[in-house]
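Colleague: Thanks for making time to go through this model with me. Shall we take it residue by residue?

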Amino acid sequence: MTAFPRARRSTRRWLPLLLALALVAAACGDSDDEATSETTVDTTEAASDSTEAPEDTTVETTTAVAEPPTANLTDSCVETAADGIDYFPEQVDLEYAANFSVSYHGTYKILTINEPFPGGAAESYVLVQCGTEAPADVDAPAPVAATIEIPIDGLLSSSTTHLPFIEQLGRVDDLVGVSSLGFVSSEAVLARSADLIEYSSEGVLDTEVVLTAGADVLMTQGTEDEGYQLLRDAGLPVVANAEWLEPTPLGRAEWIKYMAVLFNEEAAATEQFESVEADYDAVVALAGGVADEDRPSIMTGADFGGSFFAAGGDSYVAQLIADAGGAYVWSDNADTGSLELDLEAQLERAGDAEIWINGSTFWPSLSGMLDEEPRYGEFASHASGQVWVYNRIQNENGGVDYFERGVTRPDLVLADLLKIFHPELAEDHEFEWYQQVPG
């Protein structure tokens with residue numbers, strides 16, 4: 001089996017037609033009926049005078065049999081498709097992620113997202129290996145929202161959380177644009193900023209810019225926008241990405257596999273995720289030996305607009321706290337998202353908490369916290385100076401790298417927390433994102 005070299009989608013669409021025309025031209029040649037009649041030689045007499053056996057002029061011919069690929073085609077298309085061949089020998093298995101699924105069908109995949117945005121109905125995408133025919137009918141788990149030729153080579157990203165996945169898969173060159181460059185921290189992406197478009201720098205989706213970008217897919221950030229339907233109607237596939245709805249750290253990190261199926265990069269995604277998983281489990285094992293009475297009490301959150309927002313007791317943050325050897329003050333709560341409280345309720349529950357994490361990234365100091373909200377001083381963690389925020393790495397525009405790489409590297413997040421909760425167990429770890437709010 002041979003394959004087309006990788007090309008931009010506009011080129012790939014025309015390749016089968018160009019090849020077909022070339023074959024037709026070669027078959028026709030320059031001959032016509034008149035030329036054939038003029039060059040015919042009468043061999044009847046010569047044949048009747050010959051007593052020798054006619055020479056055997058049979059030419060043995062063979063037909064090339066397409067061989068199944070030994071790896072997914074990450075940079076090329078199938079040249080001559082054959083029935084019965086599985087073009088996806090490298091596939092993903094899911095262990096932690098609960099909000100999407102993938103099934104494989106030889107020449108196409110079905111990617112399904114169960115909740116594309118909070119309260120949104122499930123939808124499926126049929127991903128067809130380029131160079132093969134799209135299926136006439138599929139049995140998908142949810143209504144098919146788009147049929148997409150893969151591997152894609154032009155992606156528009158609506159969230160900075162997509163960028164580390166793209167970088168880990170080695171597909172940064174396939175990024176066409178981002179919603180806004182202002183919050184991007186990735187050096188690899190910023191190095192290509194001159195080639196990237198911004199299509200929502202002011203928070204408003206510019207559909208005209210999107211439709212002229214030459215992208216294969218626009219990937220959402222797990223929210224819905226009225227402009228998305230305009231893009232769908234214009235023929236641009238809109239693929240939802242809602243990794244933030246996953247309630248576990250490794251569940252969110254496993255969305256590298258969601259990204260990978262669009263590029264046929266399943267092998268790379270599996271390798272990357274297994275490395276993160278192993279490192280995460282190693283930190284869990286270190287913290288697992290900490291006795292319950294030695295686990296510090298932990299509070300989270302900050303006051304915004306008169307309400308105090310803290311992590312739910314069954315959220316991914318709550319699991320990070322538990323896995324790092326902490327005792328979360330809201331562990332008996334069943335919410336997987338955020339809790340919205342009044343400050344008095346948080347004081348009652350967390351007033352004696354030993355450590356405060358995940359507050360505002362804009363807190364300049366402990367005293368500056370009091371300028372924002374004087375009652376912060378009533379928390380024991382503030383009085384002891386044990387307030388930690390994940391803003392150690394941020395760009396000049398205030399874009400915090402934690403909100404970018406933190407999704408893909410929960411192993412590093414966990415290691416940071418272990419060093420905060422139990423510094424004696426993480427002496428060799430250098431903080432990645434967390435830093436103590438200065439006095």
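Colleague: Let me start with N358: is it buried or exposed, and what is its relative accessible area?

Modeller: Happy to help, and please keep in mind that this is a predicted model. N358 sits in the loop between β17 (355-357) and α14 (366-372). Its phi is near 60 degrees, a positive value in a residue other than glycine. The cut-off for buried is under 20% relative accessible area, so N358 counts as buried, with a value of 12%.

Colleague: What about N264, and what is its relative accessible area?

Modeller: N264 is not a glycine, yet its phi is positive, about 60 degrees. It is found in the loop between α10 (256-263) and α11. N264 is buried, and its relative accessible area is 0%.

Colleague: Which residue with a positive phi follows helix α12?

Modeller: Helix α12 covers residues 316-323, and its buried residues include V317, A318, L320, I321 and D323. In general, an α-helix has 3.6 residues a turn, so residues three or four places apart point the same way. After α12 comes a residue whose phi is positive, near 85 degrees, and that residue is G325.

Colleague: Which residue does I150 join through a cis peptide bond?

Modeller: The omega of this bond is about 0 degrees, as expected from the word cis. The partner's place is in the loop between β6 (144-150) and β7 (155-157). The residue joined to I150 is P151.

Colleague: How many salt bridges does the structure hold?

Modeller: One of them has the side chains of E266 and K109 meeting at 2.7 Å, N to O. E266 lies in helix α11 and K109 in strand β4 (residues 108-113), so the pair ties together parts that are 157 residues apart in sequence. E266 and K109 are both buried. As for the number of salt bridges in the structure, it is 13.

Colleague: Which residue forms a salt bridge with R232?

Modeller: R232 is partly exposed, because its relative accessible area is 24%. Its partner also counts as partly exposed, at 39% relative accessibility. The closest N and O atoms of the pair are 3.3 Å apart, and the partner of R232 is E224.

Colleague: And R409 and D411: what is the relative accessible area of D411?

Modeller: The side chains of R409 and D411 meet in a salt bridge at 2.7 Å, N to O. R409 is partly exposed, with a relative accessible area of 24%. D411 is buried, and its relative accessible area is 3%.

Colleague: Which residues are linked with R171 in a network of salt bridges?

Modeller: A salt bridge needs a side-chain nitrogen of Lys or Arg within 4 Å of a carboxyl oxygen of Asp or Glu. R171 belongs to a network of such bridges, and the residues linked with it there are D174 and E265.

Colleague: E404 has no salt bridge, so how far away is the nearest side chain of opposite charge?

Modeller: E404 is found in helix α16 (residues 402-405) and is buried. Leaving aside neighbours within four places in sequence, E404 is in contact with T160, T161, L163, P164, F183, V184, S185 and S186. The nearest side chain of opposite charge belongs to R405, and since a salt bridge has to fall within 4 Å, E404 has none at a distance of 6.5 Å.

Colleague: Which residues is R192 in contact with, leaving aside its neighbours within four places in sequence?

Modeller: R192 is found in the loop between α6 (187-190) and β9 (197-198). At 17% relative accessibility, R192 counts as buried. Its contacts beyond those sequence neighbours are V172, D173 and L175.

Colleague: Where does E293 lie, and is it buried or exposed?

Modeller: E293 helps form a negative surface patch together with D294, E424, E427, D428 and E430. It lies in the loop between α11 (266-288) and β12 (297-300). Its relative accessible area is 66%, so E293 is exposed.

Colleague: One more: how far apart in space are E344 and F308, C-alpha to C-alpha?

Modeller: E344 lies in helix α13 (residues 343-350). At 47% relative accessibility, E344 counts as partly exposed. E344 and F308 are 36 residues apart in sequence, while their C-alpha to C-alpha distance is 9.1 Å.

Key
Residues numbered from 1 in each chain as written. Predicted model: local features only at pLDDT ≥ 70, side-chain atom pairs only at ≥ 80, totals over all residues. Heavy atoms only, no water. Buried < 20%, exposed > 50% of the residue type's maximum accessible area, 1.4 Å probe, protein only. Helix = DSSP H or I, 4+ residues; strand = E, 2+ residues; numbered from the N terminus. Lys, Arg positive; Asp, Glu negative; His and termini not counted. Contact = heavy atoms within 4.5 Å. Patch = residues over 30% accessible without salt bridge, like charges linked within 9 Å, V, L, I, M, F, W, Y side chains within 5 Å. Areas by Shrake-Rupley, 256 points an atom, 1.4 Å probe, with all protein chains shown as cover. Charge placed at Lys NZ, Arg CZ, Asp CG, Glu CD.
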